[in-house]
Amino acid sequence: MAGRINDDDVKAVRDAVPIDAVVSEYLQLRNAGGGNLKGLCPFHDEKSPSFHVSPAKGLYHCFGCQEGGDTVDFVMKIDHLSFAETIERLAAQAGITLRYEEGGYTPGRQQGERTRLVEAHKAAAQYYTEQLESPEAVIARTFLADRGFDQDAAGHFSVGYSPAGWDHLTRFLRGRGFSDKELILSGLSQEGRRGPIDRFRGRLMWPIRDISGEVVGFGARKLRDDDNGPKYLNTPETPLYRKSQVLYGIDLAKKEIAKTNRAVVVEGYTDVMACHLAGITTAIATCGTAFGEGHIKILRRLLMDNSGSEVVFTFDGDAAGQKAALRAFEDDQKFAAETSIAITPGGMDPCDLRLAKGDQAVADLVESRTPLFEFALRHVVSRHNLDTPVGRAAALDEAAPIVARIKNSAIQHESAVQLAGILGILDTQFVVRRVSQLARWARERGRDGGPGQGRPQRREAPSAAEPQRPAPGAGGPALNLRSPAHRVERELLKLALQRPDLVSPAFDAYGADEFTAPPYAVVRQCIEEAGGATTGSADGDFLARVRDAAPDDTVRAIVTELAVEPLHTRRDPDEVYAGVQLVAVRLAAVNQRVMEIRGTLQRLGPRADPEQLTAVQNELWVLQQYGQSLRERGAAAL
């Protein structure tokens, strides 16, 4: 859907849906003290709960895998939805009508239109499912049975049947209150000579669902010889259905894909059914189009750009299958995942294979996969005459870039050696150097803004006990943000975010340079940009503003973590406890400055300019007196 959701509506959705109510739909929560809840993290395996939810702040954070955010972030991650899809789903739950900006939208009209189309498809799917039991649908039930699918299988995938008459579904949906305009717009009906008629007639029907599980279209297979239409007929492009942006079976496969870090791409609806029934529950298929950019985006959201994940393509061994495999290889670099290919034997697709040899044969097919680059390499080399120097040189020119694209450097080197053997080139190191050079050029183009720029890399989750964070905007080793040197700074920032009333207004006078960990200094700056702790004492949007002020996801995650992490006090925090943290951070900053000034005095030496020397000595004296006052009087000296 085009158009930007109104900011006020987004805020209303965030405020209307309690995070604990949403999270509780996915895991059991129990009291963690301090008004927080905890449970086993849904995003990684663990034996003891490290997933904390703060209902008062509307935030969650896992201290095991470092995932965190608000209600919208949680739904986006666990159900693999986009931001807009998440807001729309939560708005529907809360009964909020969304307004859309840009492009001359009438406020609320587009969301209402989409809701109506979704409801029409839901009603149509139910209608088709019920019609599969009708006497007329015996031909559809026979088709399914001949391919090894019983009634339970049909029910699991909501397979249905569209009656052969002209307007059975159209009349049914009219009776449900849908207008002719809505039926035409949805693609369920089409214009006839005397008004709308059914688009699908006398066909076996597969509902096509988006990643959230909503029916957005249908795939229809002809059953009768007198049907002059194509073998497969899909819903046309509609406001709901874009064939380049949907994958059949994704609603059933998404959680297993995310869990196992593997997706299996097959070519048809019955192939998806066969794979799932054979235990390959990560199988999905495109809907009448080639696997492309939109499908890649869906899988990347599920696989989380994890370099240890894998996408397995299954294709027939014929010319069309080889062409499809090579086309898939062209998109290989758009994945962080490894890509593989499984060639079905004897031209059989997974459905035929299951029917002929059983479930285990389908599972074995997927396990027999080979890296997609190997398939592409063999295909390229086969086109050249390797008996001649010219042929070997031409094959090397075409094959070396393929090897250079292999993501794993160790496999890349080994494959370069194998390529030399395949081509019959005795100077193996020449081929290895050629591949390495091409790979280096590709990396440099990526750094300069070329096609490879921003290639996602796998990031291991830091330890729950000692979270390692890079300094924002800086390289070098990661920081241990729970080290003794940073512990007091961490506690003070937690107070500023969780109990700003206890540390204001003193906290707002602290500079970012008083926080020695660079990420903490950036968090301090975010608090200032959000209006300071003083405003946070009476402002329910304070935390949201701090998170919005974060310059990147790393800092935003730290803010969330600090806002949810329990304070290190067994009693309820009070002004005395807050004062101890304020003094400790200020005193550390004063001591640090004293050390710096002493170093300056040593460098100046006895021949220093008297005026400069006096100024430095005066600053040192003032700081020493202030430090002594902090040690003796505590928070009263701030």
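Which residue in strand 13 is the bridge partner of Arg221? Keep that in mind while you get set up. You're looking at a predicted model, where local features need pLDDT of at least 70, side-chain atom pairs count only at pLDDT 80 or more, and totals for chains, interfaces and linings use all residues. Residues are numbered from 1 along each chain as its sequence is written, and side-chain values use heavy atoms, with hydrogens and water left out.

**Stop 1: the whole chain**

Show the cartoon first. The chain has 27 helices and 20 strands; helices (H or I, at least four residues) and strands (E, at least two) are DSSP runs, numbered from the N terminus. Now colour by burial, where buried means under 20% relative accessible area, exposed over 50%, and partly exposed in between (1.4 Å probe, protein chains only). Of the 638 residues in the chain, 46% are buried. Contacts are next: a contact means heavy atoms within 4.5 Å. Take the contacts between residues at least 6 apart in sequence, and 65% of them join residues at least 24 apart.

**Stop 2: a four-stranded sheet**

Select strands 8, 11, 12 and 13. They form an open sheet in the order 8-11-12-13, with antiparallel pairing. Strand 8 (160–162) and strand 13 (232–234) are at the edges with a single partner strand each, so one side of each has no neighbour in the sheet. From one strand to the next, the twist averages 35 degrees. Two strands pair if DSSP finds at least two bridges between them. Strand 12 (residues 215–222) and strand 13 have three, in the antiparallel sense. Here's the opening puzzle solved: Arg221 has Tyr232 as its bridge partner in strand 13.

Now add two helices. Helix 6 (residues 138–146) packs on the sheet and touches strand 8, strand 11 (203–209) and strand 12. Helix 11 (residues 269–277) also packs on the sheet, touching strand 11, strand 12 and strand 13. The direction of helix 6 makes about 70 degrees with that of strand 11, and for helix 11 the angle with strand 11 is about 70 degrees too. For these angles, axes are lines fitted to C-alpha atoms, for helices over the stretch in contact, and angles run from 0 to 180 degrees between N-to-C directions.

**Stop 3: a hairpin**

Select residues 30–39. Strand 2 (residues 30–33) and strand 3 (residues 36–39) run antiparallel and are joined by three bridges. Gly33 has Asn36 as its bridge partner in strand 3. The hairpin has two residues between the strands, and Gly34 takes a positive phi near 65 degrees there.

**Stop 4: rings**

Show the side chains of Phe, Tyr and Trp. Their rings (for Trp, the six-membered one) pair if their centres lie within 6.5 Å; planes under 30 degrees apart count as stacked, over 60 as edge-to-face and the rest as tilted. By that rule there are 17 aromatic pairs. Zoom in on Phe43 and Phe51, an edge-to-face pair at 6.3 Å centre to centre with 65 degrees between the planes. Phe43 is partly exposed at 22% relative accessible area, whereas Phe51 is buried at 0%.

Stay on Phe43 and add Lys77, which lies over the face of Phe43 at 5.0 Å from the ring centre. A charge sits over a ring if NZ of Lys or CZ of Arg is within 6 Å of the ring centre and within 35 degrees of the ring normal. Then jump to Arg147, which lies over the face of Phe143 at 3.6 Å from the ring centre. For a cluster, select Tyr127, Tyr128, Phe172, Phe200 and Phe218.

**Stop 5: Ser50 and the cysteines**

Ser50 sits in the loop between strand 3 and strand 4 (51–54), and is buried at 14% relative accessible area. Leaving aside neighbours within four places in sequence, its contacts include His44, His61 and Cys62. Click on Cys62 next: its relative accessible area is 0%, so Cys62 counts as buried. How many disulfides does the structure hold? Zero, where a disulfide is a pair of cysteine sulfur atoms within 2.5 Å. The closest cysteine sulfur to that of Cys62 is in Cys41, 3.6 Å away, which is too far for a bond.

**Stop 6: backbone oddities**

Most residues other than glycine have a negative phi, and most peptide bonds are trans. Try Ser158, in the loop between helix 7 (151–156) and strand 8: its phi is positive, about 55 degrees. Finish at Pro505, in the loop between helix 21 (500–503) and helix 22 (518–529). A cis peptide bond joins Ser504 and Pro505, with omega about 5 degrees.
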